[in-house]
Amino acid sequence: MKVFDVLSALSEPVRVRLLGLLEVEELGVKELQESLSLPQSTISRHLKVLHGRGLVQKRSAGTSSLFRVTQWDASTSSLWASVRPEVEEIRAADIARMQTVLALRREDSEDFFGRHASRWDALREDLFGRDFLVPTLLSLLPGGLVIADLGCGTGEMLARLAPVSGRLIGVDREPAMLREARQRGDFDLRVGELHDLPIEDAELDLALLVLVLHHVAELPPVFAELARVLKPGGRVVILEMVEHDRTGFRRTMGHKHLGFALESLSAPGLTVKRHQLLERSDDALGPGLQLVVLQREPRRRPT
Ligand SMILES: C[S@@+](CC[C@H](N)C(=O)[O-])C[C@H]1O[C@@H](n2cnc3c(N)ncnc32)[C@H](O)[C@@H]1O
């Protein structure tokens, strides 16, 4: 039975270490040998077993052979999933050595990316996760901006923006939300209403309104406030739901609007500079989202 083949393959430490690398990378015998610091004959012997039991596949590339794990069935994957955490420490060390081996073999890097184009995203996520994406993109913002998150809730946006903004203000009408936001950092938090913002005239370069406008029955006074608090040329970024039919949201979460058409998210004195429907996350249960960027008229140059 296949399960006994898999169990016997997984009962040997070198084979488990080989699988730990080959699920991340397609590798040749020499790369495996250098990564695990084991004799070539040992690597070849265990690779033969893993290949014979269908756990790894082999591909010819020039004069050498490259190995990687096969598409495992559910029972093999679940056996591996129970073994893997037990060897996580040694696996992480093996992967770190493998990265060094690959990095040092600079002449092979073209070949490496040539071979891994289709798997690079998954490999990058394994090695570095996804958390670096947002700070990297945010660093494109010019420095020194005065930014306010209006309806900031528990302050996640504030925390993300803190490293790249000049001055950061969070406004929310709920003191309980601001108390949560306070836990995330020492921000300038102000209790206030969107239609009567505790912000000076022309104080802001940028205002953010993330999932808040659907709670506001009367939008015109809010847009008038935005035009007041923005510097000439300043921008508002709105993230909102597209129009939807989840009428229950009115009752369960107090929504005043069932999403928005673009026309309802613009106002006199604020020009729509961008409108983008966002791609849906696979795991999102709510309605689709859109981004709208509005700009206050830049100051006219004297003629
Ligand atoms: C759905 S939460 C979104 C919070 C945050 N922007 C986020 O994306 O996690 C809406 C927030 O807006 C605040 N809020 C709703 N209406 C408001 C108003 N008229 N003035 C100020 N804050 C308001 C609520 O207290 C709540 O914290």
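1. In this predicted model, a polar side-chain atom of Glu193 lies 3.0 Å from a nitrogen atom of the ligand. The protein as a whole covers 81% of the 590 Å² of accessible area that the ligand has on its own.

2. Two further contacts can be read alongside that of Glu193. Asp172 places a polar side-chain atom 2.6 Å from an oxygen atom of the ligand, whereas Gly151 takes part through its backbone, with an N or O atom that lies 2.7 Å from a nitrogen atom of the ligand.

3. As to the wider surroundings, there are 14 residues around the ligand, and those that come nearest are Gly151, Asp172, Glu193, Leu194 and Val210. By character, the shell divides into 6 nonpolar, 4 polar and 4 charged residues, and the site in which the ligand sits is the largest pocket.

4. Turning to the strands, a reader may wish to trace an open sheet of 3 strands, whose order is E1-E3-E2 and whose pairing is antiparallel. Strand E1 (27-28) and strand E2 (56-61) stand at the edges, and because each has a single partner strand, one side of each is left without a neighbour in the sheet. In general terms, strands of a sheet pair through backbone hydrogen bonds, either parallel or antiparallel.

5. The pairing of E2 with strand E3 (residues 64-69) is antiparallel and runs over 6 bridges. Among the residue pairs that can be checked here, Ser60 has Ser65 in E3 as its bridge partner, while Ala61 is partnered by Ser64, also in E3.

6. Strand E3 also pairs with E1, again in the antiparallel sense, and this pairing comprises 2 bridges. One position to look at is Gly28, which stands opposite Leu66 in E3.

Methods:
Residues are numbered from 1 along each chain as its sequence is written. This is a predicted model: local features need pLDDT of at least 70, side-chain atom pairs count only at pLDDT 80 or more; totals for chains, interfaces and linings use all residues. Side-chain values use heavy atoms; hydrogens and water are left out. A residue is near a molecule or strand if one of its heavy atoms lies within 4 Å of it. A polar contact is a pair of N or O atoms within 3.5 Å; within protein, one must be able to donate a hydrogen and the other to accept it, and residues adjacent in sequence count only if both atoms are side-chain atoms. Accessible areas come from the Shrake-Rupley method with a 1.4 Å probe; for residues, only the protein chains shown count as cover. On a 1 Å grid over the protein atoms alone, a cavity is a set of points where a 1.4 Å probe fits but cannot get out, and a pocket is an open set with protein on both sides within 12 Å along at least five of seven lines; lining residues have an atom within 4 Å of a point. A molecule sits in a cavity or pocket if more than half of its atoms lie within 2 Å of its grid points. Ala, Val, Leu, Ile, Met, Phe, Trp, Tyr, Cys and Pro count as nonpolar, Asp, Glu, Lys and Arg as charged, and the others, Gly among them, as polar. Two strands pair if DSSP finds at least two bridges between them. Helices (H or I, at least four residues) and strands (E, at least two) are DSSP runs, numbered from the N terminus.
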